[in-house]
Amino acid sequence: MTGQALSTAVDVVKAPLLYKGKVRELYDLGEHYLIVVTDRISAFDYVLDPAVPQKGNVLNRLSAFWFEQTASLLTNHVVHTDIDKLGDVVTDPELLRNRIMVTKKAQRIDIECVVRGYITGGGWRQYVKTSAINGIELPAGLRKNERFEKPLFTPAAKNDVGHDEDIPFERMQELIGAELAEELRNHSIKLYEFARGYCEERGIILADCKFEFGLIDGKVILIDEIFTPDSSRFWAKDIYAFDIEIDSMDKEPVRAYLLNSDWDQNSKPDPLPDSVVNATTNNYLNIYERLTGKSL
């Protein structure tokens, strides 16, 4: 139904592999980077089998779409997404079509910039324990999934191994400097508010999202991915409610399956059933179509 899934591109890219993440692979083209978005899927810190058909296709196209939409708000790292411009660097162009992004080389700022428009997920769990999120004191009596009066900026220090660490804004200022921290917070909130408005017009709530930024010649640019199901929490407006777990329009079928299985959570899970893989593919295709108005 959805074609073959791509687990890696290492056999078809003739360039040095610099980094292999849970989903993305980064190759060195000399002046630029080549990012390949695979169909690998992770949950609870494990990369799972099998890969999910079309997932990388959706992630890459959505990022390209949003980078174009937000280019007037902030410069980003995209050079192009055209596989045919890579020549013989890629030995099987059709395999990677719509899955690649050639980008400028930026110095990554090691802060994950998280914006929360609603109190849910890890933010809700912090609030229940401490009445605060990342050290920001919040009013008593907030309900799960409630919309904040103003979006909350809750950064995390990036760790290449293990979990990113939630930090107060003051700690972010110490790590990268007060001026740069303030600039990243302003960019993040402005980007979130732009996308939230866009999503609301299409019956979707953008509950929260995360950004990564880099520096080129001392200037801040937007890098990595933006407003994809892997970097943002999307809810369908028509199922929004307080005090419940709202299905997010992403890999929720995988998380739900694992949590309801007899998996011990201490070792890599068994391969996912076809029904879970297909449901996850459909979620990714659905959010792409609703956001862009186009079918893959």
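Select tyrosine 198 first: at 13% relative accessibility this residue counts as buried, where buried means under 20% relative accessible area, exposed over 50% and partly exposed in between, with a 1.4 Å probe and protein chains only. The model is predicted, so local features need pLDDT of at least 70, side-chain atom pairs count only at pLDDT 80 or more, and totals for chains, interfaces and linings use all residues. Residues are numbered from 1 along each chain as its sequence is written, and side-chain values use heavy atoms, with hydrogens and water left out.

**The aromatic cluster**

Keep tyrosine 198 selected and add arginine 202, whose charged end sits over the tyrosine ring, 3.5 Å from its centre. A charge sits over a ring if NZ of Lys or CZ of Arg is within 6 Å of the ring centre and within 35 degrees of the ring normal. A further case is arginine 185, which lies over the face of phenylalanine 169 at 3.9 Å from the ring centre.

Now display the aromatic side chains; the structure holds 14 aromatic pairs. Rings of Phe, Tyr and Trp (its six-membered ring) pair if their centres lie within 6.5 Å; planes under 30 degrees apart count as stacked, over 60 as edge-to-face and the rest as tilted. Tryptophan 66 and tyrosine 198 are an edge-to-face pair, because their ring centres are 5.1 Å apart and their planes stand at 70°. Tryptophan 66 belongs to helix H1 and tyrosine 198 to helix H5, so this pair ties together parts that are 132 residues apart in sequence. Helices (H or I, at least four residues) and strands (E, at least two) are DSSP runs, numbered from the N terminus. Tryptophan 66 is buried, at a relative accessible area of 0%.

Move next to phenylalanine 211 and phenylalanine 227, an edge-to-face pair with 5.4 Å from centre to centre and 90° between the planes. Phenylalanine 211 is in strand E15 (residues 204-216), while phenylalanine 227 is in the loop between strand E16 (219-223) and strand E17 (232-236), 16 residues apart. Both of these phenylalanines are buried. Select Phe65, Trp66, Tyr198, Phe211, Phe213 and Phe227 together to see one aromatic cluster.

**Serine 188 and the E16-E17 loop**

Colour helix H5 (residues 178-200) and pick serine 188 within it. Serine 188 is buried, with a relative accessible area of 0%. Leaving aside its neighbours within four places in sequence, serine 188 is in contact (heavy atoms within 4.5 Å) with Cys113, Val115, Phe153, Phe211 and Phe213.

Return to phenylalanine 227, which has a positive phi of about 50° although it is not a glycine. Aspartate 224 is found in the loop between E16 and E17, and its phi is near 70°, again a positive value in a residue other than glycine. At 26% relative accessibility, aspartate 224 counts as partly exposed.

**The cavity and a pocket**

Rolling a probe the size of a water molecule over the atoms shows where empty space is left. On a 1 Å grid over the protein atoms alone, a cavity is a set of points where a 1.4 Å probe fits but cannot get out, and a pocket is an open set with protein on both sides within 12 Å along at least five of seven lines; lining residues have an atom within 4 Å of a point. Grid points are joined across faces, edges and corners, and a volume is the space filled by probe spheres set on the points.

By this rule there is 1 cavity of 30 Å³ or more. The largest cavity holds about 50 Å³ of space; select Arg24, Ile35, Val37, Asn60, Ser63, Met101, Asp224 and Glu225 to show its lining. Strand E3 (33-37) and H1 each supply at least two of these lining residues.

The second largest pocket has about 210 Å³ of space. Its lining consists of Asn60, Arg61, Ala64, Phe65, Thr81, Asp82, Ile83, Arg97, Asn98, Tyr288, Thr292 and Lys294. H1 gives the most to this lining, with 4 residues.

**Helix H6 and a cis peptide**

Finally, select Glu252, Pro253, Val254 and Leu258, the buried residues of helix H6 (residues 252-259). They pack against strand E4 (41-43), strand E5 (46-48) and H7. Proline 50 lies in the loop between E5 and H1, and a cis peptide bond joins aspartate 49 to proline 50, with omega about -10°.
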